[in-house]
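User: I am new to this structure and would like a close look at a single part, the surroundings of the ligand. Please take me through them in one connected account.

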Amino acid sequence: MTILEDIGLSVERGDETSVGELTQKALSEGISPGEILNKGLVAGMDVVGERFKKNEIFIPEVLVSARAMKEGMKIVKPLLGDEIAGSRGKVVIGTIKGDLHDIGKNIVGMLLEGAGFEVTDLGTDVTKEQFMEVVEKEGVDIIGMSALLTTTMTYMKEVIQSVEDANLKGKVKVIIGGAPITQSYAEEIKADGYAPDAASAVDLVKSLLG
Ligand code: B1M
């Protein structure tokens, strides 16, 4: 087994210490940070995402793996420099205004990061102005909104309206998710996509960014 496969396996196992040690070892052997990220950390997290989607593992295991992956990311991220240009795209995520539920949104963010996307997480209770500020300053490709309350999900429409008002509809894609959200609601408010779970959100982002 190569050291990169070993890193991936340690991510799958959620072995934070081993991920950190192996990442350092790989760097000292001259493997590039980008290769460690894509062929080790992200590859491991891809397997975790797939297993989660198939109900072979559950949220606690995903969280432990994501934490292990972050241990490696912490080491390689500052070294990526220009290689970060190889990132698959920028995503801003947040739980919608009035809503404080963030467990699902955090998993989505971690899996997206694990899949090689640059993620700005605005946290919870996020307003349309906050989303648009990041869109305008950082030039993101995708806005990802999460809602867990039937009373807050309606605000997603207002964010989409702000994207339209800024003439960015189509250029910046909007995806939505959360327990009360459905595909038909996404269509109704003209979101670009809906994902029922975090692993599907990664697939959706990949397909939207082609
Ligand atoms: Co709240 N809560 N809660 N709660 N809470 C629900 C959502 C509720 C269904 C419980 C119930 O009554 N049965 C209900 C909503 C009813 C409704 O609107 N129809 C409810 C309520 C009413 C409330 C309060 C109003 C209660 C009160 O104070 N009276 C209050 C609201 C506070 C606020 O937000 N303003 C409240 C508070 C809380 C806690 C703070 C106690 C806590 C949140 C802690 C936290 O998030 N840090 C909490 C919790 C934990 C829940 C339940 C039990 C679990 C939610 C959760 O984390 N699920 C929930 C009941 C339930 O859903 N069974 C409930 C696990 C998580 C991994 O799943 O978030 O669905 P989920 O995410 C999934 C997918 O949906 C998807 O991927 C994730 C992983 O696969 N996904 C996306 C999520 N976001 C996505 C975004 C995407 C794509 C996919 O693209 C961008």
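Analyst: Helices and strands here are DSSP runs, numbered from the N terminus, with at least four residues for a helix and at least two for a strand. In this predicted model, helix H5 gives the most to the shell around the ligand, with 4 residues. H5 spans 103-114, and strand E3 (142-146), strand E4 (173-177) and helix H9 (198-208) are, like H5, elements that each supply at least two residues of that shell. In total 27 residues surround the ligand, and the closest are Leu 100, His 101, Asp 102, Ser 146 and Thr 150. By kind, the residues of the shell divide into 16 nonpolar, 8 polar and 3 charged.

Some contacts can be followed atom by atom. Asp 102, one of the closest residues, has a polar side-chain atom 2.7 Å from a nitrogen atom of the ligand. On the backbone side, a polar atom of Thr 150 is 2.9 Å from an oxygen atom of the ligand, while a polar backbone atom of Ala 179 lies 3.4 Å from an oxygen atom of the ligand.

As for the wider setting, an unreviewed UniProt entry carries the annotation "domain: B12-binding" for residues 88-210, and over this stretch the chain is 41% helix and 18% strand, with its end C-alpha atoms 10 Å apart. The domain assignment, for its part, gives domain 1 (3-83) and domain 2 (90-209), whose C-alpha centres lie 25 Å apart. Between them these two domains bury about 1100 Å², 73% of it on carbon and sulfur atoms.

Methods. Residues are numbered from 1 along each chain as its sequence is written. This is a predicted model: local features need pLDDT of at least 70, side-chain atom pairs count only at pLDDT 80 or more; totals for chains, interfaces and linings use all residues. Side-chain values use heavy atoms; hydrogens and water are left out. A residue is near a molecule or strand if one of its heavy atoms lies within 4 Å of it. A polar contact is a pair of N or O atoms within 3.5 Å; within protein, one must be able to donate a hydrogen and the other to accept it, and residues adjacent in sequence count only if both atoms are side-chain atoms. Ala, Val, Leu, Ile, Met, Phe, Trp, Tyr, Cys and Pro count as nonpolar, Asp, Glu, Lys and Arg as charged, and the others, Gly among them, as polar. UniProt positions are given in the numbering used here, feature names are shortened, and annotations may be inferred rather than shown by experiment. Domain bounds come from an automatic or database domain assignment. Buried area is the accessible area (1.4 Å probe) that two parts lose on being put together, summed over both.
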